[in-house]
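Visitor: Please take a close look at one part of this model, the links between its side chains. I would also like to know what the surface around them is made of.

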Amino acid sequence: MKQSYLASGILALAIATGAPSAFAESEPEVPVRFEMQETDNGLLRLDTRTGIVSLCSNKGAKLVCQPSIDGIKVYEDEITRLEAENDKMRQELRRISEALATLTEDASIAAIKPETGLDLSLAKPQEEGWFGKEEEQKLNEALEFTENAMRRFFSVVEEMKDDFQKDEQSGSAN
C-alpha cells in the first residue's frame, strides 16, 4: 500500500515537472510581429515584417503610435507602386476591350457578308443532314433503346403503384 502511494507520488511529480516542458516543445513557435522598447518619450515599436519603427505614447486610455519618417516613406513608396500597377492594368484592360470590340465587329460583318471560302454556317446543306448516314442510324438506335428503357421503367413504377394501392385497400378493409 505504501509502495502504491510512493509510486503515485513519484508519477505525479514526474508529470508535474515534465508536462510543462513537453507542452512547450509541442507548441509551435509563432513569429512576433512587433517588438517594443521603452524609452523616455514612450515606447518604440518595431514592425518585424516591414522594419517600420513607430513612437507610441499613451493618449487617454489608448496607446497611439506615430510611424517614423522612414515608415511613412515605406507606405508612400508602396502606394506609388500600387498606383503604377493599377495604371498598367487599366491600360491592359483598355487594350483587351478594344481588341474584343474589333473582333466582335469583324464577326458581325462576316455574319452579314461572309468572305469567299469562309463558311460561318452551323448546319450542313439540307441533303446531307447534321450527321452522316451511319451516325443518323446509331442515333436512332440509341433513341429507340432509351425510349424502350423508359417505357419499361414507367410500367414497373405503375405496377408498384398498383400493388401499393392494393395493399392499402386490403389493409384498410381489415
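**Side-chain links and surface patches**

Guide: The count of disulfides comes to one, a disulfide being a pair of cysteine sulfur atoms within 2.5 Å. The model is a predicted one, in which local features need pLDDT of at least 70 and side-chain atom pairs count only at pLDDT 80 or more, whereas totals for chains, interfaces and linings use all residues. Residues are numbered from 1 along each chain as its sequence is written, and side-chain values use heavy atoms, with hydrogens and water left out.

The disulfide joins Cys56 to Cys65, with the sulfur atoms 2.0 Å apart. The angle about the S-S bond is 110 degrees, and the link of Cys56 and Cys65 is right-handed. Cys56 has a relative accessible area of 1% and is buried (buried means under 20%, exposed over 50%, partly exposed in between, with a 1.4 Å probe and protein chains only). Cys65, by contrast, counts as partly exposed at 23% relative accessibility. Over the whole protein, 4% of the 174 residues count as buried, and Cys56 is one of the buried residues.

For the links that follow, the secondary structure is a useful frame. The protein has three helices and four strands (DSSP runs numbered from the N terminus, helices being H or I of at least four residues and strands E of at least two). From the N terminus on, the order of these elements is α-β-β-β-β-α-α.

Side chains of opposite charge can pair when their charged atoms come close. There are six salt bridges in the count, each a side-chain nitrogen of Lys or Arg within 4 Å of a carboxyl oxygen of Asp or Glu. One of them links Glu78 and Arg81, whose closest N and O atoms are 2.8 Å apart. Both Glu78 and Arg81 lie in helix H2, which covers residues 69–112, and they are three residues apart, about one turn of the helix. Glu78 is partly exposed, with a relative accessible area of 35%, and Arg81 is also partly exposed, at 43%.

Helix H2 holds the pair Arg95 and Glu92 as well, again three residues apart and about one turn of the helix. The closest N and O atoms in the salt bridge of Arg95 and Glu92 are 2.6 Å apart. Both partners are partly exposed: Arg95 has a relative accessible area of 47%, and Glu92 has 36%.

In another helix, the side chains of Arg151 and Glu147 meet in a salt bridge, with N to O at 2.4 Å. Because Arg151 and Glu147 are four residues apart in helix H3 (residues 133–173), about one helical turn separates them. Arg151 is exposed at 55% relative accessible area, while Glu147 is partly exposed at 40%. Salt bridges that share partners also join three residues, Glu78, Arg81 and Glu85, into one network.

Next come the surface patches, made of residues with over 30% relative accessible area and no salt bridge; like charges are joined within 9 Å, and nonpolar side chains (Val, Leu, Ile, Met, Phe, Trp, Tyr) within 5 Å. Glu158, Glu159, Asp162, Asp163, Asp167 and Glu168 form a negative surface patch. Asp167 from this patch lies in helix H3 and is exposed, with a relative accessible area of 54%.

A nonpolar surface patch is made by Leu44, Leu46, Val53 and Leu55, which together have about 260 Å² of accessible area. Strand S2 (42–47) and strand S3 (53–59) are the elements that give two or more residues to this nonpolar patch. Val53 belongs to strand S3 and is partly exposed, at 32% relative accessible area.

Notes:
Areas by Shrake-Rupley, 256 points an atom, 1.4 Å probe, with all protein chains shown as cover. Lys, Arg positive; Asp, Glu negative; His and termini not counted. Charge placed at Lys NZ, Arg CZ, Asp CG, Glu CD.
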